[in-house]
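Biologist: Hey, could you walk me through this one? I'm new to reading models.
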Amino acid sequence: MKKLTAILLTLISIFSLTACAASFDNMSGGYASPESASPGKGYNNSDTQWILQNFSGSDYEYDYETVSDVLSAQEPSRKVIRTASLDMEAQDALVLYDSLVEYCNSRGGYEFSSDTTHYEHWSVIRATLKIPPEHLDTFMKYAGDNGKVINSQINSEDVTDEFYDLSIRLETKRRSLESYYKLLENAATAEEIIHIQRTIDQITEEIEAVEGRLRVLSNLIDMSTVTLYIRQTNDPEKIRKDIDWSALTFEDMGYLIRNGFVGVINVIVTFVQWVLIIIAVSSPIWVPITVLIIVLVKKAQKKTARIKAAREKNNAQPIHKDGD
């Protein structure tokens, strides 16, 4: 009975943390997302259900104390991720890039990555710089003053809701983990130990996932990302407006004329050859037809000749008058 009482008291201490998630909306200006702030989402597996059914009938929720602790530990403020991209052109891409990196370093930023392609007389640079967000606008202006900006863009993403929701969820999971460890110490049977340990393992994995996401958000919030693309003015891949004079020599003209003449003769000869080939191949068709046409034409001519001769004979006979 004492062990059961100790277990029930431990569970009561776990679920006493639960008050009302909506209270966070009232005190923090709506930082918590109702859907993402559902505390029971990550715990509804068979092991947790077994524990709840055997020791308590309560549901797991965010509690007022946890929300208050998180907000007091870090003053609520808007969490914004700022990013920018620059497509630039310069007489010397390397000089401009070194200048931008030096400016970035002087403002607390750093070079995150770079890729430089060197050709015979020009260079192309692709790079990513990190700079504190409060210096992003001045960096963009500095870049425009020192090189030709072809295209520039600045984007902002408000992640306040996600950031504070993750922070509160992380603190809740940590307190839950501590309570489950206490519960594990008072477990009386092997079945209780197995179910509680599985839940502890699951909560530990969830804590690591939330911590990883929070680190990513914090890094993106603390440092703005600038994507750079710099090419030189004499880059031959660009479309040139100037047209250089270029004329053929007489030797080149003679060469082209000879080749053109030979090419025309080849076309004519090839055409004649193909005509002869077609005639020869189709002879089984056109020879009988030609013979038939010749026979018909000759018969028609003979018939016409007979008719003409008959008419001439009739016209040659004398006409006899009555009484002669």
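Modeller: Sure, one term to start with: two strands pair if DSSP finds at least two bridges between them. Helices (H or I, at least four residues) and strands (E, at least two) are DSSP runs, numbered from the N terminus.

Biologist: Which strand does S1 pair with in the antiparallel sense?

Modeller: Strand S1 (residues 80-90) pairs that way with strand S4 (residues 148-158), over 10 bridges. Ala 84 has Ile 154 as its bridge partner in S4.

Biologist: Wait, is this predicted or what, and how is stuff numbered?

Modeller: This is a predicted model, where local features need pLDDT of at least 70, side-chain atom pairs count only at pLDDT 80 or more, and totals for chains, interfaces and linings use all residues. Residues are numbered from 1 along each chain as its sequence is written, and side-chain values use heavy atoms, with hydrogens and water left out.Biologist: What's the mean pLDDT of the protein?

Modeller: The mean is 75, and 69% of the residues reach 70 or more; pLDDT is the predictor's confidence in each residue, from 0 to 100. Over residues 1-45 it stays under 50, and over residues 55-62 it is below 50 as well. Where pLDDT is low, the predicted coordinates should not be read in detail.

Biologist: Okay, back to strands. In what order do the 5 strands of the sheet sit?

Modeller: The order is S2-S3-S5-S1-S4, in an open sheet with mixed pairing. Strand S2 (110-118) and S4 each have a single partner strand, so they stand at the edges, and one side of each has no neighbour in the sheet. From one strand to the next, the twist averages 10°.

Biologist: And how many bridges join S1 to S5?

Modeller: There are 8, and S1 and strand S5 (residues 224-232) run parallel. Leu 86 has Leu 228 as its bridge partner in S5. S2 pairs with strand S3 (residues 123-131) in the antiparallel sense, over 8 bridges, and Thr 116 is matched with Ile 125 in S3.

Biologist: Switching to helices: at what angle do H5 and H6 cross?

Modeller: Roughly 155°, with the axes of H5 (residues 93-106) and H6 (residues 136-146) coming within 11 Å. Axes are lines fitted to C-alpha atoms, for helices over the stretch in contact, and angles run from 0 to 180 degrees between N-to-C directions. That crossing makes H5 roughly antiparallel to H6 (under 35 degrees counts as roughly parallel, over 145 as roughly antiparallel, 65 to 115 as roughly perpendicular and the rest as oblique).

Biologist: Which residues of H5 make the contact?

Modeller: Leu 96, Ser 99, Leu 100, Tyr 103 and Cys 104 do, and on the H6 side there are Thr 138, Phe 139, Tyr 142, Ala 143 and Asn 146. Contact means heavy atoms within 4.5 Å.

Biologist: Which strands does H5 lie across?

Modeller: H5 lies across S1, S2, S3 and S5, and runs at about 5° to S3.

Conventions. Residues numbered from 1 in each chain as written. Heavy atoms only, no water.
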